[in-house]
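Trainee: Could you take me closely through the aromatic side chains of this one, and then show me what else is worth a look around them? I'd like one connected walk rather than a list.

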Amino acid sequence: MSAAAFDAIIVGTGQAGPSLAARLSGAGLKVAVVEKHKFGGTCVNDGCTPTKAMVASAYAAHLARRAADYGVAVDPNPRIDMQRVKARKDEIVRNSSRGVERWMEGLKDATVYRGHARLVGRSEIQVGSQTLRADKIFLNVGGRPSVPAMPGIDTVPYLTNVTMMDLDFVPQHLVVIGGSYVGLEFAQMFRRFGSRVTIVEMGPRLVAREDEDVSLEIQSFLRDEGIELRLHAKCISVQKEAKGLSVGLDCEEGSPREAGTHLLLAVGRVPNTDDLGLEAAGITTDKRGFIEVDEALRTSNPNVWALGDCNGKGAFTHTAYNDYEIVADNLLSNAGRKHTDRLPVYALYTDPPLGRVGLTGREIKEKGIKALVGKRPMSRVARAVEKGETRGFLKIHVEEGSKRILGAALLGTGADESVHSLLDAMYVGMPYTEFQRHVRIHPTVSELLPTVLEDLSPEPVAA
Ligand SMILES: Cc1cc2nc3c(=O)[nH]c(=O)nc-3n(C[C@H](O)[C@H](O)[C@H](O)COP(=O)(O)OP(=O)(O)OC[C@H]3O[C@@H](n4cnc5c(N)ncnc54)[C@H](O)[C@@H]3O)c2cc1C
């Protein structure tokens, strides 16, 4: 059977594919879009959107418990209707996923294929019994939860971020393996829904890529909410028990086993590149399976680009979307954009959230940059005091000589928003002395950022 010919084929409808399809279709190209599962990919269906919807429900429960602190008399033991929490989340997700599907179906001169796409040549793709051909192919295949080969994992039922979305009840005791971004969001939200929660982490502290003061403050407020932490957990294994399961851990302190009713694996993600026919198209991957790309996101096959999580150059919705912008602007406007031009920026949606931009203190030391640091506890931020949410701190690093802002860790109420003011200043290379002169709205967290920079102290440089 002859191949159906297109100008461009887009595989995957995550955070880069749909916008790219729309832009190319708008530019007059004949486009094929292939999706094997749910339109919108991870972020929409089992990542950002549903977790943040559930974080909002958990926050409501938390505030209800704290209502008396604000002079509001309600039952301090709110009943969690998990079916309603799920239904609310499902509706938000459904609207978003359907929106992407309808958008793709409505594109001019575009054909939507449902099925698993596999490369079968340098410019050909197979979807079911159909072969598609194009001179430009864009892979936006994303990733999936990693399931490490820990002893006993085949003997117990476990949850991932995907199957967590089906829970319409509150687990009695949720054991979360993995103390990083995904694990912490679920841990805090289910604690607030009423579960007993234990986080098991191999490393000596949570979110180990952050500075130690960030990890310690997060550990402190999670513990204060009653979340149990088992750090330094070496040789993790799992085992079925009469009433659930237990996790074997060789921690420095505490019992060597942790019993629970439900297990969540939150130990990282793997790219969906193992069943994509990459070899047939001459596309190389690194050792972890991420598709190798140049600065403009072109793979080792010059007709093929890889965008989003599958290229290993970002693990966020905003980096996947930026990949789309880079590829589209380069193709349609010869813009010369590169993924290496973007600054690292992301948030961890615990409550309070962490807003991070640029280098950490550890990275600054490793690079031997002469830097200064300013830090202020949230208890000295008027807005935080007024909101009754004073956990965390604001920390900003600047370069001593150039006075450029190098990075920041804002851990506190509103930090996922206020971090953008620093991000914008960093993109334009603004010295912190100029940043300090801008007048900001009172009372906000952002208005305190210049104040943090008033009291800078030297940061030790790595020997
Ligand atoms: C629990 C969780 C919470 C998160 N929260 C945030 C957050 O708050 N903020 C943030 O920025 N990021 C967050 N992320 C990360 C974010 O979801 C991802 O970075 C983002 O979805 C990556 O988008 P993508 O376009 O690369 O791939 P994906 O969104 O994973 O989309 C890939 C698509 O390709 C399809 N596909 C794969 N292989 C094939 C094939 N062979 N044929 C056809 N179709 C295929 C898949 O079905 C999928 O629809 C979170 C992730 C998780 C797991």
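Mentor: Let's begin with Phe193, which in this predicted model is buried, with a relative accessible area of 4%. Phe190 is buried as well, at 0% relative accessibility. Both belong to helix H5 (residues 181–193), and since they sit 3 residues apart there, about one helical turn separates them. Keep these two in mind while we set them among the other rings.

How many aromatic pairs does the model hold, if ring centres must lie within 6.5 Å to pair? The count is 6 aromatic pairs. One of them joins Phe138 and Trp305, with 5.0 Å from centre to centre and 25° between the planes, and it is stacked. Phe138 comes from strand S6 (residues 130–139) and Trp305 from strand S16 (residues 304–306), so this pair ties together parts that lie 167 residues apart in sequence. Are the two partners buried or exposed? Phe138 has a relative accessible area of 1% and Trp305 one of 5%, and since buried means under 20%, both count as buried. Now come back to Phe190 and Phe193: they form an edge-to-face pair, with their centres 5.3 Å apart and 85° between their planes. So we have one pair bridging two strands and another whose partners are about one helical turn apart within H5. There is also a cluster to find, made up of Tyr181, Phe316 and Tyr346.

Two rings have a charged neighbour over them. Lys30 is placed over the face of Phe6, at 5.0 Å from the centre of the ring. Further along the chain, Arg440 puts its charged end over the ring of Phe435, 4.2 Å from the centre.

From the rings, let's move on to the ligand. Its shell has 38 residues, and the closest are Gln15, Glu35, Thr42, Asn140 and Asp309. By type, the shell divides into 13 nonpolar, 18 polar and 7 charged residues. Which helices and strands each supply at least two of the shell residues? They are strand S2 (31–35), helix H2 (41–46), helix H3 (48–65) and helix H7 (317–333). H2 gives the most, with 4 residues.

The polar contacts are worth picking out one by one. On the backbone side, an N or O atom of Lys38 is 3.5 Å from a ligand oxygen. His116 contributes through its side chain, with an N or O atom lying 3.5 Å from a nitrogen atom of the ligand. At Asp309, a polar backbone atom is 2.7 Å from an oxygen atom of the ligand. Taken on its own, the ligand has 1000 Å² of accessible area, and the protein covers 93% of that.

Finally, some details of the backbone. Most residues other than glycine have a negative phi, and most peptide bonds are trans. With that as background, look at Val207, which is not a glycine yet has a positive phi of about 30°. Val207 belongs to the loop between strand S9 (196–200) and helix H6 (212–224), and its relative accessible area of 2% makes it buried. Leu297 also has a positive phi, near 75°. You will find Leu297 in the loop between strand S15 (269–271) and S16, buried at 0% relative accessible area.

Where are the cis peptide bonds to look at? One joins Asp351 and Pro352, with omega about 0°, and Pro352 is in the loop between strand S17 (345–348) and strand S18 (354–358). Another runs from His442 to Pro443, where omega is near -5°. Pro443 is likewise in a loop, between helix H11 (432–435) and helix H12 (449–452).

One last stop is Gln83, in helix H4 (residues 82–105). Gln83 is exposed, at 54% relative accessibility. The C-alpha atoms of Gln83 and Asp168 are separated by 4.8 Å, although their positions lie 85 residues apart along the chain, counted from one to the other.

Terms used
Residues are numbered from 1 along each chain as its sequence is written. This is a predicted model: local features need pLDDT of at least 70, side-chain atom pairs count only at pLDDT 80 or more; totals for chains, interfaces and linings use all residues. Side-chain values use heavy atoms; hydrogens and water are left out. A residue is near a molecule or strand if one of its heavy atoms lies within 4 Å of it. A polar contact is a pair of N or O atoms within 3.5 Å; within protein, one must be able to donate a hydrogen and the other to accept it, and residues adjacent in sequence count only if both atoms are side-chain atoms. Accessible areas come from the Shrake-Rupley method with a 1.4 Å probe; for residues, only the protein chains shown count as cover. Ala, Val, Leu, Ile, Met, Phe, Trp, Tyr, Cys and Pro count as nonpolar, Asp, Glu, Lys and Arg as charged, and the others, Gly among them, as polar. Rings of Phe, Tyr and Trp (its six-membered ring) pair if their centres lie within 6.5 Å; planes under 30 degrees apart count as stacked, over 60 as edge-to-face and the rest as tilted. Buried means under 20% relative accessible area, exposed over 50%, partly exposed in between (1.4 Å probe, protein chains only). A charge sits over a ring if NZ of Lys or CZ of Arg is within 6 Å of the ring centre and within 35 degrees of the ring normal.
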